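Morning, everyone. One chain today, from overall fold to core. Please have a look at it first.

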Amino acid sequence: MSTTTPPAKEATESSLKIVEDATCTFCGCVCDDITLKVEENRIVEAKRACVLGKAWFLNHQGHEGPSCLIEGKPAPVEKGIRRAAEILVQARYPVIYGLSDTTCEAQRVAVSIADWIGGTVDTTTSVCHGPSGMAFQDVGEVTCTLGEVRHRGDLIIFWGSNPAESHPRHFTRYSLMPKGMFVPRGRKDRTCVVVDVRRTKSAKAADLFIQIKPGGDFEALWTLRALARGFRPDPQDVLEQTGVELSVWEDLMERMKQARFGVIFFGMGLTMTRGKHLNSEALLALTRDMNRHTRFVCKPNRGHGNVTGADNVVAWRTGFPFGVNLSRGYPRFNPGEYTTTDLLARGEADAAMIVASDPMANFSQRAREHLARIPYIALDPQETPTTRGATVAFHTAVYGINVPGTVYRMDDVPIRLRPALDSPHPSDLEVLQGIEHQVRQLLGKRKGAEKKE
Ligand code: SF4
């Protein structure tokens, strides 16, 4: 994959710079139509960005401290790279984790390092859409791009997902409002349904809101599957299991059958509640069933800017999307066994490298306590609880703002980044390439010494 950046359309007048078609990497929508105005090496305007995107671009100040700290003390980056490589090579059961907020180029090198050291590579998918990753392998995914949703989607269902707050331009750019080739009147040509356990902000945008019983997703989806296949479940059972009258599900099924192009976007309200991957499997199977009646697709609404890229890169390199162990020289996939939070909570990992993630702020207490006991390396543009406790911490440049590269939008479409500002810090890619180089040298030396013996 090339790391050269396509030329951004820039107009530079003394200290003023305009960057057209910049890409926001704050959420999985990865909007690539942002116009940035840069003055005095600072972004002062982000046209078309939503409130979250504006905060991402305008509050970017970059880390002011040194690029590298070893045991809390400033050190040259080269020294940090050597120390990081030593930690990883000396470990018996190292894990590399994070990766969803960096470029595909950096993710690729991280997987190579895991392969060299015979470690585990895992991404933040394991704590968000991991169950969907497992379900894709069992059921498959009937899917499409967001461009097709924009041009064709006439029934849009959001299940356990609240894009009005998590992906503010989802409705306007892709799913509800835009006028498309086969939906020329935009919102007027679409029906929006929200299924959730509470009335979210997204529910206000819906034509039909179905409030199900918490933990009732699996039963609700199987009720729809039964209806899609012409069976009528017992109304009393359905009400007890889903908290919703059967007639409501029958009405929804009728709308789904009448749609010309139906889409289900699903979120962590489905994947991280009771049932987990079985919920995702039920939704993927329902989508497949609906294709007996009409065209229907589904798509997870992904959170981090390049978490979809992380799934893709890890899958290209190992055959599996996350939680992959390479200690036997070939990939093994077993969520729960090779996922980072579990490896740490059981006290198994003896070293770690965390890339662009903050497990010290969101893992379980047992996992955090173990991480604090072992040597670990952290790469992050900001100072975080994870970088503060790291044996070696690198403060890196921000992807999309300082660093070029490739990211994947939530619909698996790769998008190039057009950075606006220089950074005094190295990129994740540069640091990881340095670590990989050192790891290979150390392993070569070790092999040479073993031969002599
Ligand atoms: S929707 Fe997401 S990617 Fe688009 S501008 Fe807002 S935060 Fe950025």
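The protein chain has 18 helices and 20 strands, taken as DSSP runs numbered from the N terminus, with at least four residues for a helix (H or I) and at least two for a strand (E). The radius of gyration is 23 Å, close to the 22 Å from the globule rule for 453 residues, so the chain is as compact as a globular protein of that length. That radius is over C-alpha atoms, and the rule is 2.2 Å times the number of residues to the power 0.38.

A word on the source. This is a predicted model: local features need pLDDT of at least 70, side-chain atom pairs count only at pLDDT 80 or more, and totals for chains, interfaces and linings use all residues. Residues are numbered from 1 along each chain as its sequence is written, and side-chain values use heavy atoms, without hydrogens or water.

Of the 453 residues, 56% count as buried, meaning under 20% relative accessible area with a 1.4 Å probe, protein chains only.

Now the core. The largest nonpolar core has 41 residues; such a core is a set of buried Ala, Val, Leu, Ile, Met, Phe, Trp, Tyr and Cys residues joined through side-chain atoms within 4.5 Å. Helices H2 (77-90) and H18 (428-452) and strand E16 (351-355) are among the elements that each supply at least two of its residues. H3 gives the most, eight residues.

Look at Met353. Its partners include Ile113, Ile377, Leu432 and Ile435, leaving out residues up to four places away in sequence; contact is heavy atoms within 4.5 Å. Apart from this core lies another, of 35 residues, including Ile156 and Phe158.

How values were computed:
Buried means under 20% relative accessible area, exposed over 50%, partly exposed in between (1.4 Å probe, protein chains only).
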